[in-house]
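Hi,

Here is the structure I promised to pass on. Have a look at it first, and then read my notes underneath.

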Amino acid sequence: MISTDDMPDRWAVVDPSAYLGPESWARLEIDRQLVACGWVVQNHREMALGAGLGVAVREFPMAKGHGTSDYVLFVNRRAVGVIEAKKVGETLTEVEWQSAKYATGPAEDVQAPMSPLPFCYESTGAETRFTNLLDPEPASREVFSFHRPETFASWLRVWEDLSLGGPDRATLRQCLQSMPPLDHSNLWDVQYQAVANLEESLRYNRPRALIQMATGSGKTHTAVSATYRLIKHAKASRVLFLVDRAHLGKQALAEFQSFETPDDHRKFTELYAAERLTSNTIGDSSKVVITTIQRLFSILKGEPDLDEEVDERTGFDVEPAAPVEVSYNDTVPPEFFDVIIVDECHRSIYGVWRQVLDYFDAFIIGLTATPGKQTIGFFNQNFVMEYSHEAAVADGINVDFDVYRIRTEITEHGSKVDAGLVTKFRARQTRKTRYEKIDQDIAYAGADLDRWVVSKDQIRTIIQTFRDNLFTEIFPGRSWVPKTLIFAKDDSHADDIVQIVREEFGWGNDRAAKITYKSRSAGDNPDQLLKDFQTSPTLRIAVTVDMIATGTDVKPLECVMFMRMVHSRNYFEQMKGRGVRVIEPNDLKVVTGDAEVKDRFVIVDAIGVTEADLHDTVPLERKPSVSFDKMLLRLVHGRFDEDTVSSVASRIARLDRSITSDDRADLEKVAGVSLIELSHLLLDSLDPDRHVEAARQATGLADPSEADVAAAAQSIIELAVRPIADNPQLRQKLVDVRKSYEQLIDEFSADRVISAELSRDATDRARSIVTSWRAYIDEHKDEITALQVLYSQPHRRRLSFPDIKELAHAIKRPPYRWTPETLWNAYETLDKSKVRGSGSRVLTDIVSLVRFALSQDSTLVPYTDRVEEKFAGWLAQQAQAGRVFTPDQERWLRWIAEAIASSLTVDTDAFEYEPFVQDGGIGRAVELFGDDLGPLLDELNRELAA
């Protein structure tokens, strides 16, 4: 096989789909994926099974009656599996019977460990499904790519070796059926129930499961218990534990290290290696791998390492602007992990990271206290445990809270700096200050605070109010400042708050500290600061932005202050949840000397977050609720805001990746540019550097005003959107094509049964389809070439396959979405006596459908049957005329007839493909028919085609 790496550079830009048929393209892509996965790909006639551990042999003949398998997979010279290849777009579950047939039919002289062959694939190159017949209830599942030969060798080694478990313990799914009873001794009731329910879900082979447990109820301990049992009893080879950020990975590792196994009371890490990744290398012996999703993505991309600061931030904070795309990585193949546990999954599985999880052929288990619609949808609505904050409070696992609301005039209404005052200005990034005497009033609203304006007295007033009421109204009778966590808007805001807290409480640096991602760059160790906040009596108030927002365990925390607004309900619940954890009275007294017991915590709301209308989920894109056509219309109406333009660019780029070359060519013809160019044009117009540079050129000023920059930006964006805004034909075509390719997958709505009863006859729907189909032919008979030809009697010209493709393409678009199979089934439903040949349809059957609709045929017959009947009649006529063909000639004539049946016409170019090429191609055709070849082809095209 020729590797794409060996092709000349000038070929690199050629799209194979432009010159290959759909099934040939699928074979080429399957070959490429097999090679990437470690298989040696060979043709049957040149097979050499010693060429590698795994050899994939194309077009392999099976035992009599079982046909020829597209691929047979050999490991250690033994046949172990098959691949059924199909063209892109075919529904793979419909062809599982074919791969199953091949799996049961290896030839007698083929060595195989078992029959049927255990590993079956169906693949289009774009989609692949896999069935493992070693599983107790073999069921196909979608996989990113093919498994490696060494993976199959390992599974078969266990299957054949009784000492390793034997046939009944060869796979993870087999082992899940025979898990020993769960020990209750080291688990709370809620934890025990969560593990038991999870194992039941896994036994039923449900690929995803969601555990919702209130903050402080021991989700991580529950996960470690489940992990131990999956490794020990289910023989899971490796478990991935995804955390929200690197710091939480340290907490997770500590949980694994301290976990005492219930059977022999040894520590988990004495039995199994648990590794928290601090580099992009995974240890060979690691049974548990702890990392962030951003580092995992970096590993899959093959990057040497990940910046430590990026790893310290959450996957949500560093999420890319568009969904990431993952390619096959042979060092971390899809089967690398058997189980993935996603901690804080309400944040870690946002759609942009989703393909990182979809890459792995693994069970996925989510842990969260606050699941949103997106999280619930991702886990297929499969709650295996629901344990709310209210239930945890009732059980004494959480403490409840009170709210202390602080309102100030500036917070709510803003203020004004009067003209003539010498005013301080501070650079946001460097915090360098300058002074200027302003020549006009500067008014600002409450929403502007700590963005472009800082009101020191607003911060001071809130802190003074908190201080003055702390021991009278908030924590009456106390004298120690309770451990308090303040949420700030950004790092600069946090710095201002810390300084004012120290001033108002009269404290030094060790009593109030900022703990953010940037603390390290400022010379502080945020990990040590956090440890001090958890355990030291000295550090009383910590100010953070996001670093302690989720997952971090600060049990002595008694006060959570919000000086920043959040809009996600889930995020607010997580931030609020920092205060719910219980702590033993003696442990609390160690860090807060006058505290007797933690029976509540207090939310100090200085911004109105507890009164806000919070959203349940964070959007995946900038305009997720706006349809594509409405978004395009906004551009027409002059709505050039960044969110709309960015979303249009993103959707056009996504569309370009999913459509056929024909549709792409149609769109680009109307647009005048490629879709990628169009997308880049829109995105580039949003570049703020371009806006500033344009404003400089327009004004001649080195430092143009915000208004000048905004005007320049408006002009650039307006110019960029013109190809769409001024082209209604393009807008409609974009919408139509997108609808024809995409289905909305609702993973969020929970369904309920309204009724369950037998359906009434479907004839009404079938009649509607047939009536609409006949009306469509009449309406478009002058526009669509195929209808023009078929409508005319006699035909004015010969019908071509591109004509039929054009018609098929047109009827598949909204609002009809018809396929030959849809129309055929409708006719069959109305009057089965007039329809012949149920089953799968080919594109040329559209000819039969049009002829039947126009009453040119009294019976609806598959086009291939029509051609076969005509060919049989033509042969009979030739015999009567004394024209005799040799067996070789007749075989070629039948091939030509079959080509006409599938493509409407045939010429000598077809002889370069199967089945002609295997018998010598055009040279053999000339040898058989001589000078009669051209006239013979014309005659057959004329006599057999419609």
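Strand E4, helix H2 (residues 96-103) and strand E5 make a right-handed β-α-β unit. Keep in mind as you look around that this is a predicted model.

Within that unit, E4 and E5 (residues 119-123) run parallel to each other, with 5 bridges pairing them. If you want a spot to zoom in on, try Val 82, whose bridge partner in E5 is Cys 120.

E4 also pairs with strand E3 (residues 68-75), this time antiparallel, and here too there are 5 bridges. One of the pairs to look for is Val 75 with Arg 78, the latter sitting in E4. E3 and E4 form a hairpin, with 2 residues between the strands. Check Asn 76 in that turn: its phi is positive, at about 50°.

So how much of E4 is buried? Of its 8 residues (78-85), 7 are buried, so the strand is largely enclosed by the rest of the structure. Buried here means under 20% relative accessible area.

Further along the chain, I also looked at Ala 274, which is in strand E10 (residues 273-276). Which residues does Ala 274 touch, leaving aside those up to four places away in sequence? The answer is Leu 253, Phe 256, Thr 269 and Val 288. On top of that, the C-alpha atoms of Ala 274 and Gln 257 are 8.1 Å apart, with the two residues 17 positions from each other along the chain.

Cheers

Technical notes:
Residues are numbered from 1 along each chain as its sequence is written. This is a predicted model: local features need pLDDT of at least 70, side-chain atom pairs count only at pLDDT 80 or more; totals for chains, interfaces and linings use all residues. Side-chain values use heavy atoms; hydrogens and water are left out. Helices (H or I, at least four residues) and strands (E, at least two) are DSSP runs, numbered from the N terminus. Contact means heavy atoms within 4.5 Å. Buried means under 20% relative accessible area, exposed over 50%, partly exposed in between (1.4 Å probe, protein chains only). Two strands pair if DSSP finds at least two bridges between them. A crossover is right-handed if, with the strands pointing away from the viewer, the path from the first strand over the helix to the second runs clockwise.
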